[in-house]
Amino acid sequence: MARSGARRVRRLIGGKTLGDWLADLIIVLILLLIVASILYPIWFIIIASVSDQTLVNTGQVTWIPKGISAYGLQQILGDDRIWNGYRNTLIYTVAGTVLNLVVTMPAAFALSRPEFKWRRLIMLFFTITMFVNGGLIPTYLLYKQLGLLDSWAVFVIPQALNVYNLIIARSFFESSIPEDLHDAAQIDGVGYFRYFTRIVIPLSSAIIAVIGLYYLVQHWNDFFTGLVYIRTYDKQPLQIVLRDILLSNQAFQGGSGSTAGAGYGQEFADQIKYGVIIVSTLPLLVIYPFIQKYFNKGVMIGAIKG
């Protein structure tokens, strides 16, 4: 009786033992700690961007904003440089991502076909570029000869293909598109181009979303290209504009002006800093939740095959 009573005590809802429930509780707590460690810095940046700088620096702002003032965000959003940078970055990102998908998906499909006898050699050449490049000076001279310097095309054309994304897309075609579909298409007299556009592409929405997200983030965060290859300020992307705002704000912290060429005042220095972080990351934070499920699938594809 004592043993059966002890077993009944150990057994809880769903056939789980007390040890199972404790293990689940520990796992949930660990996951909550991980989520909190990720979300809290984002939340702190948001509340710090609208709080009094003195309260933030003295550690009085932790969970809720204090001394609320939207002056920093107003000055950032009222700066014409921000909107010009946004416009340029949106153009570079949209045009670059579209070109990336147009180049990557057909190339990955061709390299996934077993009847293409040169595919392994070509894939080897692609892979070599992941480890070896010409360096900054030869690349700069090449772009100069091609007329890409100080042009929007320098953000798009040289980055038309990312080999890592090509490998992911190729692995998807090899593992997720049944070969029987190609055999049936051949019986119906369908060529490779129609097979790719009419059958393969509609079945590849997951990998297109994943690759598109990779390329979108790559273009959105592209800082180095504008820094080295662009001289006209009106063509600079958002990342360079935000850097210049931070630098001008630091250089003129003692001033009280708020024009485009000067700092925003020492008392609002941190508000400007946190506001710049929000402005630069908000679009990606808004887009990511809608394609997260595809993103996870793409990560698994890249991890299984390469």
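Which residues does Ser49 touch, not counting residues up to four places away in sequence? The views below take up this question and then turn to the largest pocket and to the model's confidence.

**View 1. Surroundings of Ser49 in a predicted model.** This is a predicted model, in which local features need pLDDT of at least 70 and side-chain atom pairs count only at pLDDT 80 or more, while totals for chains, interfaces and linings use all residues. Residues are numbered from 1 along each chain as its sequence is written, and side-chain values use heavy atoms, with hydrogens and water left out. Ser49 sits in the loop between helix H2 (18-48) and helix H3 (53-57), helices being DSSP runs of H or I with at least four residues, numbered from the N terminus. Ser49 touches Ser69, Leu73, Gln271, Tyr274, Gly275 and Ile278, a contact meaning heavy atoms within 4.5 Å. Between the C-alpha atoms of Ser49 and Tyr274, 225 residues apart along the chain, the separation is 5.0 Å.

**View 2. Lining of the largest pocket.** Among the 19 lining residues, Thr129, Tyr143, Pro158, Gln159 and Leu161 lie nearest the centre of the largest pocket (on a 1 Å grid over the protein atoms alone, a pocket is an open set of points where a 1.4 Å probe fits, with protein on both sides within 12 Å along at least five of seven lines, and lining residues have an atom within 4 Å of a point). Helix H12 gives the most to this lining, with 3 residues.

**View 3. Segments of low confidence.** pLDDT, the predictor's confidence in each residue from 0 to 100, stays under 50 over residues 254-263 and also over residues 302-306.

Technical notes:
Helix = DSSP H or I, 4+ residues; strand = E, 2+ residues; numbered from the N terminus.
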